[in-house]
Amino acid sequence: MSEIRANSAWSRAQIEAFLGECLIPIRLAVLNSESRPLVCSLWYLYDDGCLWCATQRTASVVKLLTREPYCGFEVAPDSMPYRGVRGQGRATLDDAIGAPTLTRLIDRYLGTRESGFARWLMARSNFEVAIQVEPEWMTSWDFSQRMSN
């Protein structure tokens, strides 16, 4: 189970509720081949203490996580009040559950498998890789109170 930092604005239960409800992409930070940070946005879902994403197996993020599985992440809306969750963890890649993970993400973000976009994504699902990020630590910030004045 991941550590919740002492300075976190929210408890573990509040962090998990936020991650479960928030329908924005996660920002996943990985190291490129020159050990420089690269941030990519992916759909995610939070399940049983882990963050799950899916992407094409040819995506750069898959190659980079294969080389270096440690990553950073942030889930935070761009609009006020500023609040969110960030942390670091270790990613595991799994070809076998790429397609079912993609289907869960489509259900979560699109709410239907019948749209043209959903059908296009599902037509490519044989090439999806699931990315499981097991957080080592997480923290949150919430400026709602100070921004409401």
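## Briefing on a predicted single-chain model

Strands β2 and β3 make a hairpin in which 5 residues lie between the two strands, and S35, in the turn, has a positive phi of about 60°. The model is a predicted one, and its chain holds 5 helices and 8 strands. In sequence order these elements follow the pattern β-α-β-β-β-β-α-β-β-α-α-β-α. The radius of gyration is 16 Å, close to the 15 Å that the globule rule gives for 149 residues, so the chain is as compact as a globular protein of that length.

**Overall dimensions, burial and charge**

- Measured out along the principal axes of the chain, the C-alpha trace spans about 50 × 40 × 25 Å.
- Of the 149 residues in the chain, 41% count as buried, while the accessible surface comes to about 8400 Å², with 50% of that area belonging to carbon and sulfur atoms.
- When contacts between residues at least 6 apart in sequence are considered, 71% of them join residues that are at least 24 apart.
- The chain carries 16 positive and 17 negative side chains, and the centres of these two sets lie 5 Å apart.

**Strand pairing**

- In the hairpin, β2 and strand β3 (residues 37–42) run antiparallel and are joined by 6 bridges; within this pairing, V30 has L38 of β3 as its bridge partner.
- Strand β6 (residues 70–75) pairs with strand β7 (residues 83–94) in the antiparallel sense over 6 bridges, and here the bridge partner of F73 is G87 in β7.
- Strand β7 also pairs with strand β8 (residues 128–142), again in the antiparallel sense, and this pairing extends over 12 bridges; R90 has E134 of β8 as its bridge partner.
- Strand β7 therefore takes part in two antiparallel pairings, one with β6 and one with β8.

**Helix α1 and the loop that follows**

- R12 lies in helix α1 and is partly exposed, with a relative accessible area of 23%.
- Not counting residues up to four places away in sequence, R12 touches M1, S2, E3 and I4; for S2, which is 10 residues from R12 in sequence, the C-alpha to C-alpha separation is 9.3 Å.
- L23 is placed in the loop between α1 (12–21) and β2 (26–31), and, leaving aside its neighbours within four places in sequence, L23 is in contact with R108 and Y109.
- The C-alpha atoms of L23 and N126 are separated by 25 Å, the two residues being 103 residues apart along the chain.

**Helix α3**

- T101 has its place in helix α3 (residues 98–109), and T101 is buried, because its relative accessible area of 7% falls under the 20% cut-off.
- The residues that T101 touches, not counting those up to four places away in sequence, are W52, C53, A54 and A130.
- One of these residues, A130, falls within the range of strand β8 (residues 128–142).

Methods
Residues are numbered from 1 along each chain as its sequence is written. This is a predicted model: local features need pLDDT of at least 70, side-chain atom pairs count only at pLDDT 80 or more; totals for chains, interfaces and linings use all residues. Side-chain values use heavy atoms; hydrogens and water are left out. Helices (H or I, at least four residues) and strands (E, at least two) are DSSP runs, numbered from the N terminus. The radius of gyration is taken over C-alpha atoms; the globule rule is 2.2 Å times the number of residues to the power 0.38. Buried means under 20% relative accessible area, exposed over 50%, partly exposed in between (1.4 Å probe, protein chains only). Contact means heavy atoms within 4.5 Å. Accessible areas come from the Shrake-Rupley method with a 1.4 Å probe; for residues, only the protein chains shown count as cover. Lys and Arg count as positive and Asp and Glu as negative; His and the chain ends are not counted. The place of a charge is taken as NZ of Lys, CZ of Arg, CG of Asp or CD of Glu. Two strands pair if DSSP finds at least two bridges between them.
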